[in-house]
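Me: I should like to go through the assignments in this structure and ask what each one rests on. Please set each value against its definition.

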Amino acid sequence: MKPIAVWGRFFALAFALVLPFGGTSHAQQGETQQQRAQSQPGNNAPVWRDVRSGKEEYTSIKGRETGVLVQMYGETWRQLRNAWITPIGGWLIALVAAVIGAFHWWKGAVKLHSSPTGRLIERFTALERYTHWVMGISFAILGITGLVILIGKYVLLPVIGYTLFAWLTQMSKHLHNFVGPLFVISLLVFIVIFIRDNLPKAYDFGWFASAGGMFGGKHVASGRFNAGEKVWFWIGVVALSLSVGASGLILNFPNFDQVRAVMIEANVVHAVSACAVTALSLGHIYMGTIGVDGAYESMRHGYVDEAWAKEHHEYWYNDVKSGKVRAGTAMGQPDAPQGQH
């Protein structure tokens, strides 16, 4: 007997055990399959039509979707992920990184125009800084490991080979899964802490009109956070990061018995939101490190010089000096404040 005929009979008999046809009994269904295997050896088209239909069939293991042998929605997801999300997301992140690099080469960092006064204002409390760093570091871990999982086989695999890439991907998967819940918790705390200072104000429109003085060099007053930082907060932190976090929890805990369609849709939302927030975060990271002198020190040490506060956040500086907003003060340098009270 030809191998094709043997395998055809094998699959026909196997599917006869799990796939009923219409209202026939299990025994009648098996007999029908056996007859078809003899009269039409190798013709498993009726079986595969039932498989591809996605309808519930008989199984001895009870549970949601346990009677669905193949989820055809998964093929749609695979094509969407591989043909659209992965290349567009990867190139978007690369393009944003290139634009930031070109901008820094052209303009350089934003320098402080006046000399430091030696008088310091507490810009961020210890709780605010710790929350920010927990969220920021966990975000960085998730971003790097997520990129390894999403585009690593196109970028890293040809360079480092299968053995090292397999080890790196496995490690990335475990880090991604375990760091994810920590990111979500810190994200919620971060939003609660900073939401009040990120509410829109009328003067934010002036900041947008002059692009924050980035190109013309004109001084633009702002509150504790400027309009650009507020956009990052509401779009990057609240909208996109919450979407990433919620969809990630759905994927991270399949034991809550989500159906496969929900897992697929959550994966699409997770990948799209993650690529978008990663691209946006590059701008935030740039401005908070090498893009603006003194910005990194303010989040690391908590203090800024009065000259820095007045030049970058004048409305907030005025509120602190008038007593409308309470903030600690000190003398010296931001990394070594003295005389704190």
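Me: Which residue is the bridge partner of Gly332 in β4?

Reply: The bridge partner of Gly332 in β4 is Pro337. This is a predicted model, in which local features need pLDDT of at least 70 and side-chain atom pairs count only at pLDDT 80 or more, while totals for chains, interfaces and linings use all residues. Residues are numbered from 1 along each chain as its sequence is written, and side-chain values use heavy atoms, with hydrogens and water left out.

Me: What makes β3 and β4 a pair of strands?

Reply: Two strands pair if DSSP finds at least two bridges between them. Strand β3 is joined to β4 (residues 336-338) by 3 bridges, so the criterion of at least two is met. The two run antiparallel and form a hairpin with 2 residues between them. Strands themselves are DSSP runs of E with at least two residues, and helices are runs of H or I with at least four, numbered from the N terminus.

Me: Which strand pairs with β3 over 3 bridges in the antiparallel sense, apart from the hairpin partner?

Reply: Strand β1 (residues 119-122) pairs with β3 (residues 329-333) in that way. One of the bridges has Ile121 with Thr329 as its partner in β3.

Me: Why is the contact between Arg224 and Glu128 called a salt bridge?

Reply: The term requires a side-chain nitrogen of Lys or Arg within 4 Å of a carboxyl oxygen of Asp or Glu. The closest N and O atoms of Arg224 and Glu128 are 2.9 Å apart, so the pair qualifies. Arg224 lies in the loop between α7 (204-209) and α8 (227-252), whereas Glu128 lies in helix α5 (residues 126-155), 96 residues apart. The side chain of Arg224 also meets that of Asp197 in a salt bridge, at 2.6 Å from N to O. A search of the whole structure finds 7 salt bridges.

Me: Are these three residues buried or exposed, and how do you know?

Reply: Buried means under 20% relative accessible area, exposed means over 50%, and partly exposed lies in between (1.4 Å probe, protein chains only). Arg224 has 12% and is therefore buried. Glu128, with 10%, is likewise buried. Asp197 has 28%, which means that it is partly exposed.

Me: What links Glu306 to Lys321, and how accessible is each residue?

Reply: Glu306 forms a salt bridge with Lys321, with the closest N and O atoms 3.0 Å apart. Glu306 belongs to helix α11 (residues 306-312) and Lys321 to helix α12 (residues 314-322). At 7% relative accessibility Glu306 counts as buried, while Lys321, at 48%, counts as partly exposed. Arg119 joins Glu306 and Lys321 in a network of salt bridges.

Me: Why is Thr145 called buried, and what does its side chain reach?

Reply: Thr145, in helix α5, has a relative accessible area of 5% and is therefore buried. Its side chain reaches the backbone oxygen of Leu142 at 3.2 Å. Leaving aside neighbours within four places in sequence, Thr145 is in contact (heavy atoms within 4.5 Å) with Ser172, Leu175 and His176.

Me: Which residues touch the most other members of the largest nonpolar core?

Reply: They are Phe183, Phe233 and Val237, in a core of 20 residues. Helices α5, α6 and α8 each supply at least two residues, and α6 gives the most, with 7. A nonpolar core is a set of buried Ala, Val, Leu, Ile, Met, Phe, Trp, Tyr and Cys residues joined through side-chain atoms within 4.5 Å.

Methods:
Polar contact = N/O pair within 3.5 Å; in protein donor to acceptor, adjacent residues only side chain to side chain.
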